[in-house]
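These are my notebook entries on a structure I looked up residue by residue and helix by helix.

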Amino acid sequence: MGGTNVWDAEWEVNEEQARTLIGRQFSQLSSKQVKRLGWGWDNTVFLIGDEYVFRFPRRTIAVGSIRMEGKLLPKLEAYMTIPYPKPLFYGEASDEYPAPFLGYAYVPGDFPIGLTEERRALSAETLAKFLRRLHEFPVQAALKCGVQQDHRNLTDIASRKVKLEGFLSKVVEHLSPEESGVIEAYISRLQKDRVEAVNALLHGDLHFKNMLVNENGIVSGIIDWGDLSVGHPACDLSVAYSFLPPYARGVFFETYGGADEEAKLLARLIAVYIPILILMQAVDDGNEAIAAEAKSNIMRALSD
């Protein structure tokens, strides 16, 4: 590769290369069609036939995450109440491609964009049961698989509030005066500096781009487990605010059990924080549908 540019650490994988790399190691897949589904900062994702998804790390930093998923995700199967991408094919690094890669069962569904409040409410119990079981997974077993512990300082509300103010100033021109007013009022009311630490295994990035719904709008898949970590359950409980309408939250927390006021306070904060990040990226990409969905998530999170 040569050179010393930061991006030299990135490996671009196209459909042709993916087909070759997969076919060499998994000959039973060599006749299947390979289609690039998308890519993020860390991975390029391909659909193989219509039953498997392969993720190839694009950067060195993503390799640890792929290894950890390969170890931990199969162990979660007994705890899973919603379909998830279970690893089935473990690709090894080679001369042609320097990183391990993973093949998973494909989880069908649509992203929950533009759903009515009534449809969202239908998933209250489904989401609560899913998180109750996930958060029961033994933390020690997760740490043994190389999961990071609270690397994002989830309980530090004061510093997250400062970051949130910074993000808001970047996107304020893309919000209506009413929207930015509601967010500013919320931030100024946020007086607590931190909450007590609690440790549970977290999905860690539970938002509308990592959730799938069926034709009735009910959550039918949870994808992208690259942020699996141990930390405060409020991180995942944020879906009660960003995804569910206010009137469905009672059922959610009753079904989940054991979320105190601190957890709810932090969950609401993260339900504003993550969509603001998604909004910043969507504005950058010129993606109006994602930007609109992110805004509606924020406004839902701040409504009672």
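Entry 1. Strand β7 and L202.
I take a strand to be a DSSP run of E of at least two residues, numbered from the N terminus. The model I am reading is predicted. With that definition I placed L202 in strand β7, which covers residues 200-202. I then asked whether L202 is buried or exposed. L202 has a relative accessible area of 0%, and because buried means under 20%, L202 counts as buried. Leaving out neighbours within four places in sequence, I listed the contacts of L202 as L134, H135, L154, D227, L228, S229, V230, G231, H232, P233, C235 and D236.

Entry 2. T155 and its distance from L202.
I looked up T155 next and found it in the loop between β6 (148-149) and α6. Its relative accessible area is 7%, so T155 is buried. How far apart are L202 and T155 in sequence and in space? They are separated by 47 residues in sequence and by 14 Å from C-alpha to C-alpha. Not counting residues up to four places away in sequence, T155 touches D150, D193, R194, V195, E196, A197, H232 and L266. I noted that H232 is listed for T155 and also for L202.

Entry 3. Positive phi values in the loop between β6 and α6.
I checked backbone angles in this loop. D150, which lies there, is not a glycine, yet its phi is positive at about 30°. D150 is partly exposed, at 25% relative accessibility. N153 is in the loop between β6 and α6 as well, and its phi is near 45°, a positive value in a residue other than glycine. I recorded N153 as partly exposed, with a relative accessible area of 46%.

Entry 4. Helix α6 against helix α7.
I moved on to helix packing. Helix α6 spans residues 157-171 and helix α7 spans residues 177-189; their axes come within 11 Å and cross at roughly 160°. How do α6 and α7 run relative to each other, and why? Angles over 145 degrees count as roughly antiparallel, and α6 and α7 are therefore roughly antiparallel. Their crossing is left-handed. On the α6 side I found K161, L164, E165 and L168 in the contact, and on the α7 side I183, E184 and I187. By class, the residues of the contact of α6 with α7 are four nonpolar, no polar and three charged.

Entry 5. Helix α6 against helix α11.
The axes of α6 and α11 are 10 Å apart, and the two helices pack at an angle of about 30°. I recorded the crossing of α6 and α11 as left-handed. From α6 the contact takes I157, R160, K163, L164, F167, L168, K170 and V171; from α11 it takes L265, L266, L269, I270, V272, Y273, I276, L277, L279 and M280. The contact of α6 with α11 has 15 nonpolar residues, no polar residues and three charged residues.

Entry 6. Helix α11 against helix α12.
Helix α12 covers residues 288-301, and I found its axis within 8 Å of that of α11, with a crossing of roughly 165°. The two helices, α11 and α12, are therefore roughly antiparallel. This crossing, too, I recorded as left-handed. In α11, R268, A271, V272, P275, I276, I278, L279 and A282 meet I290, A291, A294, K295, N297, I298 and A301 in α12. I sorted the residues of the contact of α11 with α12 into 12 nonpolar, one polar and two charged.

Entry 7. Nonpolar cores.
Which residues touch the most other members of the largest nonpolar core? Of its 80 residues, L72, L76, L201, W225 and F252 do so. Helix α11, residues 261-285, gives the most to this core, with 13 residues. Apart from it I found another core, of 18 residues, including V13, F26, Y52 and Y97. For F252, leaving aside residues up to four places away in sequence, I listed contacts with A124, L127, A128, L131, L237, V239, A240 and L244.

Entry 8. K129 in helix α4.
I closed with K129, which is in helix α4, residues 124-134. K129 is partly exposed, with a relative accessible area of 38%. Not counting residues up to four places away in sequence, K129 touches T81 and T255. K129 and L47 are 82 residues apart in sequence and 29 Å apart in space, C-alpha to C-alpha.

Note on methods: Residues are numbered from 1 along each chain as its sequence is written. This is a predicted model: local features need pLDDT of at least 70, side-chain atom pairs count only at pLDDT 80 or more; totals for chains, interfaces and linings use all residues. Side-chain values use heavy atoms; hydrogens and water are left out. A nonpolar core is a set of buried Ala, Val, Leu, Ile, Met, Phe, Trp, Tyr and Cys residues joined through side-chain atoms within 4.5 Å. Buried means under 20% relative accessible area, exposed over 50%, partly exposed in between (1.4 Å probe, protein chains only). Helices (H or I, at least four residues) and strands (E, at least two) are DSSP runs, numbered from the N terminus. Contact means heavy atoms within 4.5 Å. Axes are lines fitted to C-alpha atoms, for helices over the stretch in contact, and angles run from 0 to 180 degrees between N-to-C directions. Angles under 35 degrees count as roughly parallel, over 145 as roughly antiparallel, 65 to 115 as roughly perpendicular and the rest as oblique. A crossing is left-handed if the near helix is turned anticlockwise from the far one by less than a right angle, and right-handed if clockwise. Ala, Val, Leu, Ile, Met, Phe, Trp, Tyr, Cys and Pro count as nonpolar, Asp, Glu, Lys and Arg as charged, and the others, Gly among them, as polar.
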